[in-house]
Amino acid sequence: MNGSTIELPALASDLGLFQKAEGVGPVKKQGLTYSVAAFSLVPGGFVDVTGSASINPFSASVSSGDFATLGPGASSSFTLTVDPDQQKKQPALGWLVASVDDANGASQADEVLAPAK
C-alpha cells in the first residue's frame, strides 16, 4: 500500500497456461489477454482502467524477466531483444524497468520503447 508499482508474480500453470509439447496430447492454452483496473481506497480518489493486451509467455515478442539487485549508486545493464514475428502477433510497447525502492509516482518505473518496425 506504500508504493505505486505492483508486481504480481504467478506461475504460468496457475493461470492455466502450458508450454506446447510437439505432437503430444491436446492443444493447451499458451497465452492470455489481460487488462488492469486500479482504484484508490479513498472515496472519490484515483481510478484507472487500461485497454487489453495479449502475451504468450512461452514465446514473447520482447525479452523479459531480467533483474538485478543493486546497492546505493550502483547500476546494471541488460541485453533487450525483440522477436519481429511475435511482435506482429502480440505487439509490445517495450519494457518497464521498475524499482520498488524508488520514490512513489512516475519515478518508480522507467519505460523503454521497443524499436519501431
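The exchange below goes through some of the terms applied to this predicted model and the values behind them.

Reader: What makes up the secondary structure of the protein chain, and what pattern does the chain follow along the sequence?
Author: The protein chain has 1 helix and 6 strands, and these follow one another along the sequence in the pattern β-β-β-β-α-β-β.

Reader: Why is Gln-87 called buried?
Author: Gln-87, which belongs to helix 1 (residues 84–89), has a relative accessibility of 12%, and because buried means under 20% relative accessible area, Gln-87 counts as buried.

Reader: What makes the pairing of Gln-87 with Ser-61 a polar contact?
Author: The side chains of Gln-87 and Ser-61 are joined at 3.1 Å, and since a polar contact requires a pair of N or O atoms within 3.5 Å, of which one must be able to donate a hydrogen and the other to accept it, the distance of 3.1 Å satisfies the limit and the pair is listed as a polar contact.

Reader: How do you know that Ala-114 is buried, and where does Ala-114 lie?
Author: Ala-114 lies in the segment after strand 6, and its relative accessible area of 16% falls under the 20% cut-off, so Ala-114 is classed as buried. The C-alpha atom of Ala-114 is separated by 7.2 Å from that of Trp-95, although the two residues are 19 residues apart along the chain. Over the protein chain of 117 residues, buried residues make up 10%.

Reader: Why is Ser-54 described as partly exposed?
Author: Ser-54, in strand 4 (residues 53–55), has a relative accessible area of 39%, and because buried means under 20% and exposed means over 50%, with partly exposed in between, Ser-54 is partly exposed. Between the C-alpha atoms of Ser-54 and Gly-31, 23 residues apart along the chain, the separation is 7.1 Å.

Reader: What makes Leu-41 exposed, and which surface patch does Leu-41 help to make?
Author: Leu-41 sits in the loop between strand 2 (37–39) and strand 3 (47–49), and its relative accessible area of 65% is over 50%, so Leu-41 is exposed. Together with Phe-39, Val-47 and Val-49, Leu-41 makes a nonpolar surface patch of about 490 Å².

Reader: Why is the patch that includes Asp-101 called negative, and how do you know that Asp-101 is exposed?
Author: The patch gathers Asp-101, Asp-102, Asp-110 and Glu-111 on the surface, and because Asp and Glu count as negative, the patch is one of negative charge. Asp-101 itself lies in the loop between strand 5 (94–98) and strand 6 (109–113), and its relative accessible area of 71% is over 50%, so Asp-101 is exposed.

Methods
Residues are numbered from 1 along each chain as its sequence is written. This is a predicted model: local features need pLDDT of at least 70, side-chain atom pairs count only at pLDDT 80 or more; totals for chains, interfaces and linings use all residues. Side-chain values use heavy atoms; hydrogens and water are left out. Patches are made of residues with over 30% relative accessible area and no salt bridge: like charges are joined within 9 Å, nonpolar side chains (Val, Leu, Ile, Met, Phe, Trp, Tyr) within 5 Å. Accessible areas come from the Shrake-Rupley method with a 1.4 Å probe; for residues, only the protein chains shown count as cover. A salt bridge is a side-chain nitrogen of Lys or Arg within 4 Å of a carboxyl oxygen of Asp or Glu. The place of a charge is taken as NZ of Lys, CZ of Arg, CG of Asp or CD of Glu. Helices (H or I, at least four residues) and strands (E, at least two) are DSSP runs, numbered from the N terminus. Buried means under 20% relative accessible area, exposed over 50%, partly exposed in between (1.4 Å probe, protein chains only).
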